[in-house]
Amino acid sequence: MENRSFYNEILTEHNMRPEFKHDLPDADIVLEGVNPSCGDDIFLKLKLDGDTISDGAFVGDGCAISQASADIMLGMVIGKKKEEALKLADLFFRMIKGEASDEELDELEEASALKDISHMPARVKCAVLGWHTLQEVLNKKVK
C-alpha cells in the first residue's frame, strides 16, 4: 500500500506542478508524440549543446500519467548526453516490461514510480509516450 501511495504522490506532483511543461521557442528539435488510442498528444522540445541535451520542455494535452511521465523524463535527461538519455529510455522500457533489476530501477529515480503501470495495459502507452518520442528524435540525431 505504501508503494501505491508513493506512486500516486509522485504522479500527482508532476501532473499538478510540472517543471518542464512550457514552451521552448528556441528548441533545436521538436517532435510530436501521439497516443491515438486515448488522445494524448505532446510536443517534445529539446535544446542541444553538441551531444548534450542542455534544455527541454513539452507542451500538449493528455492524461495525468502521460503528462507526469514526460515531466519526470525531462528532469532526468536534461544535462545528459544523447547516448545516456537513450540508455535511460531503454531502461524505462525494460522496467515497464518487468525486465529491470532493482539496481537498474534505482537509476530511474522517480520514473521507477511508474513500474506498476505494466499491470494496467491500457495505461502503458500513456506512460511511454514521452519516452518513445525522445527515443525517436534522438535516434534520428545520433546516426
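**Exercise 1.** Find which residues Trp131 touches, not counting residues up to four places away in sequence.

*Solution.* Start with the cut-off: a contact means heavy atoms within 4.5 Å. Trp131 then touches Ser69, Met73, Met76, Leu88, Ala89, Phe92, Phe93 and Ala111. Before going on, please note that this is a predicted model, where local features need pLDDT of at least 70, side-chain atom pairs count only at pLDDT 80 or more, and totals for chains, interfaces and linings use all residues. Residues are numbered from 1 along each chain as its sequence is written, and side-chain values use heavy atoms, leaving out hydrogens and water.

**Exercise 2.** Place Trp131 in the largest nonpolar core.

*Solution.* Such a core is a set of buried Ala, Val, Leu, Ile, Met, Phe, Trp, Tyr and Cys residues joined through side-chain atoms within 4.5 Å, with buried meaning under 20% relative accessible area (1.4 Å probe, protein chains only). This core has 43 residues, of which Leu46, Phe92 and Trp131 touch the most other members. Next, look at the contributors: among the elements giving two or more residues are helix 1 (2-16), strand 2 (40-49) and helix 5 (121-142). Helix 3 supplies the largest share, nine residues.

**Exercise 3.** Describe the chain as a whole, beginning with its secondary structure.

*Solution.* First, list the DSSP runs, with helices (H or I) of at least four residues and strands (E) of at least two: there are five helices and three strands, in the order α-β-β-β-α-α-α-α from the N terminus. Then turn to burial: 43% of the 143 residues count as buried. Finally, residues 24 or more positions apart make up 58% of the contacts with a separation of 6 or more.

Technical notes. Buried < 20%, exposed > 50% of the residue type's maximum accessible area, 1.4 Å probe, protein only.
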